[in-house]
Amino acid sequence: MSTTGGVTMARLLIRANDDVPVDTPRIPAREAAERELSKPMYHENDPSLLQRALNRFWDWIGGIFDAASGAAPGGPLGLLVVALLVVGLIAALWWRLGTPRRTPGTADSLFDDSPRSASEHRTAAEAHAAAGRWNQAVQERMRAIVRSLEERTLLDPRPGRTADEAAAEAGRSLPDHADGLRTSAREFDDVTYGGRTADRQAYLRLRDLDLELEHAKPRLSGAAQGAAE
């Protein structure tokens with residue numbers, strides 16, 4: 001090939017390549033890629049927003065446990081032992097103390113806003129007992145006991161009185177039944193606030209105490225006894 005022919009061929013190649021860009025600018029290329037990847041067809045199998053949030057949450061929990069297992073003696077096994085001990089302690093406290101008590105004198109008051117007579121409470125207690133609703137039967141029988149003592153003027157009617165307070169006050173004038181009154185008040189509290197379940201025997205104890213108190217005579221104080229003599 002002659003020199004003239006070679007120069008001509010080189011010129012033709014350069015002219016043919018003038019229409020093909022040698023390099024694409026960086027920013028337009030990135031924007032084009034982002035537009036392409038933002039199309040829905042590329043995200044059909046992506047996790048939802050909720051799933052992503054849950055994944056981050058569990059990753060966070062996992063990080064906490066990893067850090068704790070690294071700090072606990074014995075590594076993951078030691079952390080498991082500590083967790084079991086904590087759960088056992090919480091269960092023991094819950095069983096011993098029951099559901100946290102509310103403030104006495106308000107939500108723990110013995111009676112609700114619709115006062116009834118002792119006879120009405122006894123009727124309600126017997127109806128619950130016949131249906132096997134021992135919790136409600138115990139509650140109504142304790143209310144019958146306290147209302148009966150109020151009706152006999154052995155207790156002064158007082159709004160907001162708790163079962164414990166009623167048992168303590170009544171036990172001073174009826175000392176022979178003080179222990180039974182305290183036990184009945186405790187059973188009332190256990191089923192009402194402590195999450196315990198009553199049974200037939202618990203109800204029968206309250207019913208027997210109610211019947212005994214109906215015929216019990218109060219013990220007069222020294223001053224009252226001297227005046228009576």
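This report walks through a predicted model, from its helices to its aromatic pairs, salt bridges and a surface patch.

**Helices 8 and 9**

Let's start with helix 9, which covers residues 200-214. With 15 residues at 1.5 Å a residue, helix 9 should span 21 Å, and its end C-alpha atoms are indeed 21 Å apart. Its buried residues are A202, Y203, L204, L206, L209, D210 and L213. What sits over them? The cover includes helix 5 (118-130), helix 6 and helix 8 (178-192).

Helix 8 tells a similar story on length: 15 residues, 21 Å from the first C-alpha to the last, close to the 21 Å expected at 1.5 Å a residue. In this helix, A178, L181, S184, A185, E187, F188, D189 and V191 are buried. These buried residues pack against helix 6, helix 7 (163-173) and helix 9.

**Inside helix 6**

Helix 6 turns up in both of those lists, so here is a look at some of its residues, V146 to begin with. V146 sits in helix 6, which runs over residues 134-151. Is V146 buried or exposed? With a relative accessible area of 2%, V146 is buried, since the cut-off for that label is under 20%. Setting aside neighbours within four places in sequence, V146 is in contact with L110, F111, L155 and A166. V146 and D210 are 64 residues apart in sequence, and their C-alpha atoms are 9.1 Å apart in space. D210 is one of the buried residues of helix 9.

E140 is another helix 6 residue, and at 8% relative accessible area E140 is buried too. Not counting residues up to four places away in sequence, E140 touches R116, H121, A124, A125 and H128.

**Aromatic pairs**

How many aromatic pairs does the structure hold? There are two. In one, the ring centres of W134 and Y203 are 6.1 Å apart and the planes meet at 40 degrees, so this pair is tilted. The pair ties distant parts of the chain together, with W134 in helix 6 and Y203 in helix 9, 69 residues apart. W134 is partly exposed at 22% relative accessibility, whereas Y203 is buried, at 2%.

The other pair is F188 with Y193: the centres are 6.4 Å apart and the planes stand at 75 degrees, so this one is edge-to-face. F188 is buried at 0% relative accessible area, and Y193 is buried at 6%.

**Salt bridges**

Side chains of opposite charge can pair when their charged atoms come close. The count here comes to 13 salt bridges. The table picks out some of them, with the distance between N and O atoms.

| Salt bridge | N to O distance |
|---|---|
| R116 and E140 | 3.1 Å |
| E150 and R147 | 2.6 Å |
| R182 and D179 | 2.1 Å |

The bridge between R116 and E140 joins distant parts of the chain: R116 lies in the loop between helix 4 (76-97) and helix 5, E140 lies in helix 6, and the two are 24 residues apart. R116 counts as partly exposed at 28% relative accessibility, while its partner E140 is buried at 8%.

E150 and R147 both belong to helix 6 and are three residues apart, about one turn of the helix. Where do these two stand on exposure? E150 counts as buried, at 8% relative accessibility, and R147 is buried as well, with 14%.

R182 and D179 are three residues apart in helix 8, so about one helical turn separates them. R182 is partly exposed at 42% relative accessibility. D179, at 52%, counts as exposed, because that label takes over 50%. Beyond single pairs, salt bridges with shared partners connect R147, E150, R158, R161, E165 and E169 into one network.

**A nonpolar patch on the surface**

Finally, the outside. Which residues form the nonpolar patch? L50, L54, F57, W58 and W60 do, and together they have about 600 Å² of accessible area. One of them, L54, is in helix 3, which covers residues 49-71. L54 counts as partly exposed, at 38% relative accessibility.

Definitions and conventions:
Residues are numbered from 1 along each chain as its sequence is written. This is a predicted model: local features need pLDDT of at least 70, side-chain atom pairs count only at pLDDT 80 or more; totals for chains, interfaces and linings use all residues. Side-chain values use heavy atoms; hydrogens and water are left out. Helices (H or I, at least four residues) and strands (E, at least two) are DSSP runs, numbered from the N terminus. Buried means under 20% relative accessible area, exposed over 50%, partly exposed in between (1.4 Å probe, protein chains only). Contact means heavy atoms within 4.5 Å. Rings of Phe, Tyr and Trp (its six-membered ring) pair if their centres lie within 6.5 Å; planes under 30 degrees apart count as stacked, over 60 as edge-to-face and the rest as tilted. Patches are made of residues with over 30% relative accessible area and no salt bridge: like charges are joined within 9 Å, nonpolar side chains (Val, Leu, Ile, Met, Phe, Trp, Tyr) within 5 Å. Accessible areas come from the Shrake-Rupley method with a 1.4 Å probe; for residues, only the protein chains shown count as cover. A salt bridge is a side-chain nitrogen of Lys or Arg within 4 Å of a carboxyl oxygen of Asp or Glu. The expected span of a helix is 1.5 Å times one less than its number of residues.
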